[in-house]
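Hi everyone, thanks for coming. Let me put the structure up on the screen, and then we can walk through it together.

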Amino acid sequence: MNWFFNMLRSSIGKKLLMALTGLGFCLFLLIHLIGNLTLYGGKGLFLSYVEHLHALGPLIRIAELGLLAFAAIHVSSGLILFWQNLQARPVRYQVSKNAGGRTIGSATMPYTGVLILIFVVIHLLNFHFIDHSRQTVFQAIDATFSMLPYVIFYTFAVIIVAIHISHGFWSLFQTFGANHPKYMPAIKGMGVIFSLLAAAGFGFIPVYVSFIM
Amino acid sequence: MISKTINLTLKVWRQNRGEKKGRLETYHAKDISVDMSFLEMIDVVNEDLTKNRKEPIAFDHDCREGICGMCGAVVNGRTHGHEKETTLCQLHMRHFSDGDTIVIEPWRSRAFPLIKDLIVDRSALDKIIQAGGYISVNAGGAPDANALPIAGEVAETAFIAAACIGCGACVAACPNASAMLFVSAKVSHLALLPQGRPEAAKRVQAMVRQMDECGFGNCSNETECEVECPKGISIVEIARLNREFLKAEFS
Ligand code: SF4
Ligand code: FES
């Protein structure tokens with residue numbers, strides 16, 4: 001087992017951890033998005049989705065613990081990488097220019113990452129750690145999104161998530177070694193589509209709930 | 001024929017041996033022929049400095065034809081200047097305009113300690129090569145031609161990676177000061193050829209370990225390196241490095 005932990009400690013190993021857990025979050029986000037789309041179908045459809053989901057019982061617990069572990073790994077290796085990379089250039093350039101490789105997404109990964117972490121905590125406080133015997137999830141959503149600051153906050157958070165994915169998605173393929181001139185454009189395209197879909201799908205929910213419903 | 005000349009203002013990083021901190025100093029480069037290379041332009045400035053009994057600007061160079069990898073500086077925030085796939089010695093002054101101000105700085109990385117002015121110590125890259133960037137063969141008579149058939153495409157792909165001249169621009173350009181592009185080029189060009197296969201697993205592990213020990217940053221796929229590499233090495237090589245590394249670790 002020693003070789004395994006040594007491998008994970010190497011620079012490529014840490015990248016691999018980021019990529020693996022990142023892939024996990026992409027899959028989670030996709031499922032979360034599909035589930036949430038039921039909101040656009042009205043209160044009844046959404047609540048029946050919630051009921052079916054919770055009927056999975058122990059499976060949900062396992063998934064939650066898995067996500068928590070993934071988050072711990074993603075955040076801690078991300079912070080280590082950020083710190084190490086800062087130290088790798090003790091004297092900064094007086095003039096530094098983007099040569100054209102960097103994107104908004106890639107340049108802001110650590111910062112969007114931290115913002116997403118803060119968002120996830122607030123998000124869980126809003127909808128997960130509430131007294132479910134006194135209100136349905138739908139009532140919680142309705143109550144939260146009747147407050148304009150929350151609508152703005154959620155819309156902003158979703159955009160941040162999309163920016164994070166715009167670099168993270170293709171990047172994880174590169175880390176797994178899956179970069180081929182023939183397929184990379186398609187992978188990059190999928191990343192852009194995924195981040196736009198996530199931004200649109202999640203982003204309109206607050207607006208929809210507070211203004212249209 | 002008298003060629004066109006331009007006047008420039010240079011802001012050059014000056015830092016003496018052993019000095020803790022350096023600074024940008026301003027010089028005027030007058031009547032610079034646009035046919036000169038960037039290094040020749042510094043030569044002219046240095047001649048002037050010497051005549052005025054001032055210390056000339058120290059910079060690294062050797063071949064001056066873009067093949068040795070000795071030269072290099074960050075020019076206005078771009079490694080080897082703003083021209084694509086060009087080393088500093090091959091960057092010509094015609095790419096600048098009269099009256100331009102040019103800021104010239106050394107490669108910045110914890111793994112490249114500064115020696116003097118624009119010269120940095122890049123022996124970290126040599127250490128990585130010593131860790132595994134070679135093949136072991138018994139000396140003896142030259143093998144027969146074509147005794148080891150290699151498909152044209154394979155040789156071609158290996159050559160593309162082998163074009164790396166070890167200049168260190170990828171490190172200098174990387175927002176994380178990572179040496180992944182350099183290491184990936186070296187690992188790839190040997191891993192692609194049959195002569196390099198027997199030691200491929202050991203090599204990639206040793207070179208990555210050495211890279212980490214030298215204090216380079218971690219790659220986060222910013223892709224600045226491939227844009228700045230004077231030899232056009234692509235991050236496809238980094239993906240291959242990742243594959244080689246995983247293969248080696250999991251087998
Ligand atoms: S990969 Fe390119 S930039 Fe990096 S050392 Fe080799 S030639 Fe220089
Ligand atoms: S001096 Fe040899 S590459 Fe520039």
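A177(B) is buried, at a relative accessible area of 0%. Keep in mind that what you are looking at is a predicted model. Where along the chain is A177(B) found? Look in the loop between α4 and α5 of chain B. The backbone there deserves a glance too: phi of A177(B) is near 50 degrees, a positive value in a residue other than glycine.

There is another residue with a backbone angle like that. D31(B) also has phi near 50 degrees, again positive and again not a glycine. Is D31(B) buried or exposed? With a relative accessible area of 54%, D31(B) is exposed, because the cut-off for that label is over 50%. As for its place in the fold, D31(B) lies in strand β2 of chain B, which covers residues 23-33.

Let's go back to α4 and α5 of chain B, since they take us to the ligand. Helix α4 (169-173) and helix α5 (180-191) each supply at least two residues of the shell around ligand 1. Among the residues surrounding ligand 1 are C164(B), C167(B), C170(B) and C229(B). G166(B), G168(B), L181(B), F182(B) and P230(B) are also part of that surround. What is the make-up of the shell by class? There are 10 nonpolar residues, 2 polar ones and no charged ones. And ligand 1 sits in the second largest cavity.

You may have noticed L181(B) in that list. L181(B) turns up again in the largest nonpolar core, which has 60 residues. Together with F112(B), V183(B), M211(B), F216(B) and L241(B), L181(B) is one of the members that touch the most others. A second core, separate from that one, has 29 residues, including W13(B), A29(B), F38(B) and C71(B). In soluble globular proteins, nonpolar side chains tend to be buried together. To see one of the well-connected members up close, click on V183(B): beyond its neighbours within four places in sequence, V183(B) contacts I128(B), M207(B), M211(B) and L241(B).

Now zoom out to chain B as a whole. Chain B has 8 helices and 7 strands. Of its 251 residues, 53% count as buried. Its C-alpha trace spans about 60 × 45 × 35 Å along the principal axes. Taking the contacts in chain B with a separation of 6 or more, 69% are between residues 24 or more positions apart.

On to chain A. How many helices and strands does chain A have? The count is 9 helices and 0 strands. Here 37% of the 213 residues count as buried, and the C-alpha trace spans about 55 × 45 × 35 Å along its principal axes. Of the contacts in chain A between residues at least 6 apart in sequence, 79% join residues at least 24 apart.

H32(A) gives you an example of a link across the sequence. H32(A) is in helix α2, residues 11-36, and touches H123(A) and F202(A), leaving out residues up to four places away. H32(A) and F202(A) are 170 residues apart along the chain, with 9.3 Å between their C-alpha atoms.

My last stop is S77(A), in helix α4 of chain A, residues 58-87. Why does S77(A) count as buried? Its relative accessibility is 6%, and the label applies under 20%, so S77(A) qualifies. Its contacts, not counting residues up to four places away in sequence, are with L17(A) and M18(A).

Thanks for listening, and I'm happy to scroll back to anything.

Technical notes. Residues are numbered from 1 along each chain as its sequence is written. Chains are lettered from A and ligands numbered from 1 in the order in which they are written. This is a predicted model: local features need pLDDT of at least 70, side-chain atom pairs count only at pLDDT 80 or more; totals for chains, interfaces and linings use all residues. Side-chain values use heavy atoms; hydrogens and water are left out. A nonpolar core is a set of buried Ala, Val, Leu, Ile, Met, Phe, Trp, Tyr and Cys residues joined through side-chain atoms within 4.5 Å. Buried means under 20% relative accessible area, exposed over 50%, partly exposed in between (1.4 Å probe, protein chains only). Contact means heavy atoms within 4.5 Å. Helices (H or I, at least four residues) and strands (E, at least two) are DSSP runs, numbered from the N terminus. A residue is near a molecule or strand if one of its heavy atoms lies within 4 Å of it. On a 1 Å grid over the protein atoms alone, a cavity is a set of points where a 1.4 Å probe fits but cannot get out, and a pocket is an open set with protein on both sides within 12 Å along at least five of seven lines; lining residues have an atom within 4 Å of a point. A molecule sits in a cavity or pocket if more than half of its atoms lie within 2 Å of its grid points. Ala, Val, Leu, Ile, Met, Phe, Trp, Tyr, Cys and Pro count as nonpolar, Asp, Glu, Lys and Arg as charged, and the others, Gly among them, as polar.
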